[in-house]
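Welcome! Take a moment to look over the chain below, and then we can walk through some of its parts together.

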Amino acid sequence: MNAKGDRIDGVFVLGSCAYEPRHVTPAETDDFLDTVMLECLEAGADLLPPVVTVPGRHDIHRLGPGHGMLTKALTRYWSDTERGLWRGDEEDIVEAVRDVSLASFVAWSEPHANFPQWRSGALPGEGSVRLGTSAGALGIVAANTIFRMAVPDSTAELATCTLGQLDRAVGGEYLQWADANDLTLVVAGHSAVVPASLTPVLPKTVLIAPDGESAQFGSAAQWLVTSRSTTRQHRLLRVEFTDGGRPKIRDLAAPPAEQPVPLPSSRRTVNRVAEVSPTTLEAYDEQTAVEEFYQQIGTGRMILVAVSGVHGESSPIDTDTLTRRLTQAVYGEVPDPAPTTSEIWNTALAELGPQMVDQHVAELRGADLESTAAARRVLQTPWWRIYDFTATDIFSSLLELDPQIAETNTFTNALLRKPAAGNATVETVAMHGNPTGHEALNFTIPADDDLSPRALWFRRLKAELLTHPTVFMAASPSSWSLWNTLALTQPQTEAEQFPRFLITGPGTAADRARIRRAGLTHIQVLPHEFAKQQLRPGLEILQQGKKRLADIRLGARRGSGIKLVSSLVDKAPTGSVEFLKGQDPTWGDIKDGFAVKLSITDRIRASARPAEDGRHRILVVEGRAGSGKTTALMQYAYELHQAGRTVAWIDREATDPLPNLKAQALSMSADAIFVDDVDIFGSLGASLLRELSNGGKALVVAAIRTSRSDELDVTFQSQRVSADEPLKDEDLGHIVDVLHTHGLPGILKKQRLRPEKIEKLRELCDRSLLVAMIQVVTGKRFEEKVASEYRELDPEHVSVYATVCVFESAIVFKKRGIEQEDLLQIVSGRSAPKPSLNRAISRLVDRRFLALAPDGTVRCRQRTIADTVVETVLKKNPKQLASVIEYLLRFYAQYAAGVRDNDDPYRRVLIRLLNHSLMVSLRLAHTGPGHLQYGARTTPG
């Protein structure tokens, strides 16, 4: 080549070693590269060719048992990991791939990294370069297709080549990048399924790999895989361009009949990306899209982001029109690019003056019966919340004029009122304010660490966009305001399962392509028409959504009080073996027999017998954490329920004020009332139990931890039952039988005879029943298991888990669970709520570290585990614990500041967090009057 005046533009090494058809070591590959370089010098080359190394199948170091999280991220949670990985949000996974599974390859390849124009991709060995040749532009992309094959027992099906991966490798849109080339080479260490989205550029693409199958099932193209014969293990490709510019490729190292290399026909694809992208996915099925919308609205958890179009073309104007008119008034025309609403708003106030701007603001008002017809349908729909970005009075005027609508909806001006807990109606939040004048509007996007009410609403919106299905409404798919609002969203993976819809007109082919790219399901109907056609009052699915929304808002989460056991049992999910593994009992566990009935239930029953005068004494069950108090109360309550008695239940999910609980008990006329963890009511617990007893007419059974029994005043008279008494042989035998029945004998398998198993279990139960069950099933000491599980978590998982454990621990809790959107804001600190932290919550739920209740609250799987994490892990790491408390304090202080209602959930939690005894028990120090030291300002964990 040098003799002809040509040169080698680059050397691409696909794999540092091989095992077949002959063994090649990395050292031998080095020797081969040295030979190539030496021959280039001897041939008179003035520059040595640069080298790019791409990992192959034999460069992988298999992941061991200590890398379970990475294995799950690359397999079970791959759909969750994928998009964030190519977007740059999964740096911990990239580091693990580089430093663990490909550590040897990286060390070998670094001395060869010398390609000056090379643009690196996300993973080791990935990147791209475009070379200019006499025949045209040659693009070369290297894809690390083998990184997922590092997991144990992997197969070639894990070889990966995605559009997002190639986008990252070229630093932009791969389809556009490849379309600009006359020929593109995709090189990889192993063949992989090529997505159909690459079809438009395949007629000018050659895919090369040293390993794998040339034809992959489900792939859009074929790979040129190096021959494995003993006589030829290479290809020598010659590229020519026809008069039409189409590449023609021959493998000169192959026999003549096999030399032509086929490429996909251009008759099956269009040559230019710009011509195909709008039409590639043009199929539109409105019925399916609407049915998907109905499925989500029926959950009662869908949020609406209204940008424009709710009132049709009648007055008032929308923000796009306002922006255009202000721009024309200031500049005489609309420049390109046009200013945003926020920019032109401030400019107009300065240039035109407030009085002139107020004339334009007046056009945002003026909603009438015609313009509010569709808005009325919208407000009658069971949304979780409505975020109003219209800046009009379309919703506020309707709420003022229609008392019926006002009964189920409230209007909140985001500029004046911060988010509050306990709202039992559908809340419409005016994100830009109410258009009474220029001073009442704000079009800026607040900073994430801003503490104003409006900034808190923006943070809540960002959190709810990650935790709820969402629909956007806009008058036009090309609306500036729409896309400015969509910029608040963050990409989500399919695994997160929170669909996003856009209801707007069809727009152009480019509009529709842009909407698809944003991951939105496009319902191609104008919002006001959609409201009139699809949101008709009386639709069964809308009624279902209203019922579910009411169940959530008025049930366990929002201002809940006493519940009937009959209702709890009817609604309980089926029991599961998770209870036997250490999860809090559910009513399904009680009903379906997963929870063994022990002799403590007999002692409670005996103590609950009325006195000779027919009155019941208050019964208090005392015991250590994990002694089985809650399970025993639930079993006896279920027994009474089955006997036809009216039985009520109160636990940490009760958030109603005490007077309300007492009034509810009186109106229920319950035969028996059970109170789990009565110490949550502090010094008022004794008073509550007396009121519930109603002079002994109702049986009252309460549970309390031994360590907190002093919460009940010394004058309180009650019958006591200890849950800490040693278990009887019969109890132990029942537990052994249940464990064997459900395939969970654990370490008891080592004992052959049943008496030996009972004796071993008795030894373990010396501390507590929960501790014994976990140790039997897992084979680890309770504290050791809790601590080892904690240490296995990555930093973001630790941040979430530690926060929930502290919140639910005995020394902190005032209510059960944290709302998921609140938890997401807490652990995100001063930053916007992060998708990666939302994924961490989901993964912890999947792994049974946490539980997600039907009301949307996130909980620790067992309160005793939460206590143990705080006592044995976090207290040994004061900086970490202080950081968790700081983040909790910051969040609840933001939401509770200025609130005077002592029954407000945010205020109640804040008061508890600021309690001096809590800080002492957590070993957090005062640094001065009125100020507490909360440790380093880093993310919890």
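A good place to begin is helix α32, whose buried residues are Gln 820, Glu 821, Asp 822, Leu 823, Leu 824, Gln 825, Ile 826, Val 827 and Ser 828. The helix runs over residues 820-828, and 9 of its 9 residues are buried, so to speak a mostly covered element. Following α32 comes Gly 829, and its phi is positive, near 65°.

Before going further, please keep in mind that this is a predicted model. The average pLDDT of the chain is 82, and 87% of the residues score at least 70. Residues 266-281 have a pLDDT below 50, and the model gives this stretch 25 contacts beyond near neighbours in sequence. Another such place is residues 555-559, where pLDDT stays under 50 and the model has 22 contacts beyond four places in sequence.

**The chain as a whole**

The chain has 941 residues, of which 55% count as buried. Its secondary structure comprises 37 helices and 29 strands. Taking the contacts between residues at least 6 apart in sequence, 68% join residues at least 24 apart.

**Two more covered helices**

Let us return to the helices. Here are α33 and α35 side by side.

| Helix | Residues | Span, first to last C-alpha | Expected span | Buried |
|---|---|---|---|---|
| α33 | 835-846 (12 residues) | 16 Å | 16 Å | 9 of 12 residues |
| α35 | 878-896 (19 residues) | 26 Å | 27 Å | 16 of 19 residues |

Both helices are mostly covered. In α33, the buried residues are Pro 835, Ser 836, Leu 837, Asn 838, Arg 839, Ala 840, Ile 841, Arg 843 and Leu 844. That list includes two arginines, Arg 839 and Arg 843. Just after α33, Arg 848 has a positive phi of about 70°. After α35 comes Gly 898, where phi is again positive, near 85°.

**A pair of packed helices**

Two packed helices are described by the angle between their axes and the distance between the axes. At what angle do α30 and α34 pack? Helix α30 (residues 782-792) and helix α34 (residues 863-873) pack at about 80°, and their axes are 10 Å apart. The two helices are therefore roughly perpendicular to each other, a description that covers angles of 65 to 115 degrees.

On the α30 side, the residues that meet the partner helix are Phe 782, Glu 783, Val 786, Ala 787 and Tyr 790. From α34 come Thr 864, Ile 865, Thr 868, Val 869, Thr 872 and Val 873. Sorted by class, this contact has 7 nonpolar, 3 polar and 1 charged residues. An α-helix has 3.6 residues a turn, so residues three or four places apart point the same way.

**A buried tryptophan**

Our last stop is Trp 483, which lies in helix α17 (residues 480-486). Is Trp 483 buried or exposed? Its relative accessibility is 14%, so Trp 483 counts as buried, the cut-off being under 20%. Leaving out residues up to four places away in sequence, Trp 483 touches Pro 477, Ser 478, Arg 514, Ile 515 and Ala 518. Trp 483 can also be set beside Val 307: the two are 176 residues apart in sequence, while their C-alpha atoms are 9.7 Å apart in space.

Technical notes: Residues numbered from 1 in each chain as written. Predicted model: local features only at pLDDT ≥ 70, side-chain atom pairs only at ≥ 80, totals over all residues. Heavy atoms only, no water. Helix = DSSP H or I, 4+ residues; strand = E, 2+ residues; numbered from the N terminus. Expected span 1.5 Å × (residues − 1). Buried < 20%, exposed > 50% of the residue type's maximum accessible area, 1.4 Å probe, protein only. pLDDT = per-residue confidence, 0-100. Contact = heavy atoms within 4.5 Å. Axes fitted to C-alpha atoms, helices over the stretch in contact; angles between N-to-C directions. Parallel < 35°, antiparallel > 145°, perpendicular 65-115°, else oblique. Nonpolar A, V, L, I, M, F, W, Y, C, P; charged D, E, K, R; others polar.
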